[in-house]
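This report describes selected secondary-structure and side-chain features of the entry shown below. It turns to salt bridges after a short account of strand pairing.

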Amino acid sequence: MRPGVLMISHGSRDDAWVSIVDEAVNGVSLREDLPVAVSFLELVQGRLIQDGINELEQAGVTDIMVVPLFVSSGSTHIDEIAYALGAKPEPERETDLECFQVSAKVHFGYPVDDDPDIALMIWDKIRELSKQPEQETILLVGHGSMHDGFRQRWERSIGSLAQRVAQISGVAAADYALLNPDSVRSKAMYWQQQGHEVLVAPLFLSEGYFTKRVIPQRLEGVGYRYSGRTLLPHPLFPRWIQRQVEDWLASVRDCSGE
């Protein structure tokens, strides 16, 4: 058996967005003989998921650890990617993503969800906005999903993450809102009515359309503090990736009796 790692992100036409993801992966300290490929679901020609599979298999990889660089297990993209890679027999909702050609055994990892390191990252990104923690609420804003089952996963993961942020930050409260279904404006206004200053933290991998335009539009006319700073770049993100890969490698060694 020869292991390899395939990291998958959504992708963007913005070269800077792609570079930020590459920089995060380059910050991961893995053993030198471990083949690693970084691929994208769409928009980055020459670096799509099939390209990453081909690269790893050409390097002799027999077992591929897939690290989904997404912020929630409620993402429909995770469902369709896992299905197209053969990691699950059927998708939970219809997809036009065709099955990939893969000979290696696929081991599918997990997204960000409510990881403790991610909570620290969120607080690091927003702490400069905090002036009087005892009178503030941190409002995490995520993409969400309109699809039943996926929406509940979004709510569970971002709700748990908000609790972690509240514990480490010392603010009066932390809550979450989703763009789909839209609860951003109502949640911000609710906490304002409680007499709190609202600090908005976008739960997105990198800055883009949703963080620069959609969130501010949803909050137009509402008083809040917002830097728009996303998870990347941050030194803890490579550590999250590294921990996931090393845990998998350890389990592989245990199973093989090495």
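A residue is called buried when its relative accessible area is under 20%, exposed when that area is over 50%, and partly exposed in between. The model discussed here is predicted.

**Strand pairing at the N-terminal end of the numbering**

Strand 1 comprises residues 3–9, and its partner, strand 2, runs parallel to it over 5 bridges. Within this pairing, M7 is positioned opposite V38 of strand 2. Strand 2 spans residues 36–40, and 4 of its 5 residues are buried, leaving the strand mostly covered. Together with helix 1 (residues 15–26), strands 1 and 2 build a β-α-β unit of right-handed sense.

**Salt bridges**

In total, the structure holds 15 salt bridges. Three of the pairs are listed here with the distance between their closest N and O atoms.

| Salt bridge | N to O distance |
|---|---|
| R31 and D33 | 2.9 Å |
| D115 and R243 | 3.0 Å |
| R225 and E136 | 3.1 Å |

The salt bridge between D115 and R243 has its closest N and O atoms 3.0 Å apart. D115 belongs to the loop between strand 4 (105–108) and helix 4 (116–126), whereas R243 lies in helix 8 (residues 236–256), so this pair ties together parts that are 128 residues apart in sequence. The relative accessible area of R243 is 30%, so R243 is partly exposed. D115, with a relative accessibility of 9%, counts as buried.

A further link is the salt bridge in which the side chains of R225 and E136 meet at 3.1 Å, N to O. Because R225 is in strand 8 (residues 225–226) and E136 in strand 5 (residues 136–144), the pair ties together parts that are 89 residues apart in sequence. E136 is buried, its relative accessible area being 1%. R225, in turn, is partly exposed at a relative accessible area of 24%.

How is the R31 and D33 pair placed with respect to the surface, buried or exposed? R31 is partly exposed at 38% relative accessibility, and D33 is likewise partly exposed, with a relative accessible area of 46%. The closest N and O atoms of this salt bridge are 2.9 Å apart.

Beyond these pairs, a network of salt bridges links D79, K88, E92 and R153.

Methods: Residues numbered from 1 in each chain as written. Predicted model: local features only at pLDDT ≥ 70, side-chain atom pairs only at ≥ 80, totals over all residues. Heavy atoms only, no water. Buried < 20%, exposed > 50% of the residue type's maximum accessible area, 1.4 Å probe, protein only. Helix = DSSP H or I, 4+ residues; strand = E, 2+ residues; numbered from the N terminus. Pairing = 2+ DSSP bridges. Right-handed = clockwise from strand over helix to strand, strands pointing away. Salt bridge = Lys/Arg side-chain N within 4 Å of Asp/Glu carboxyl O.
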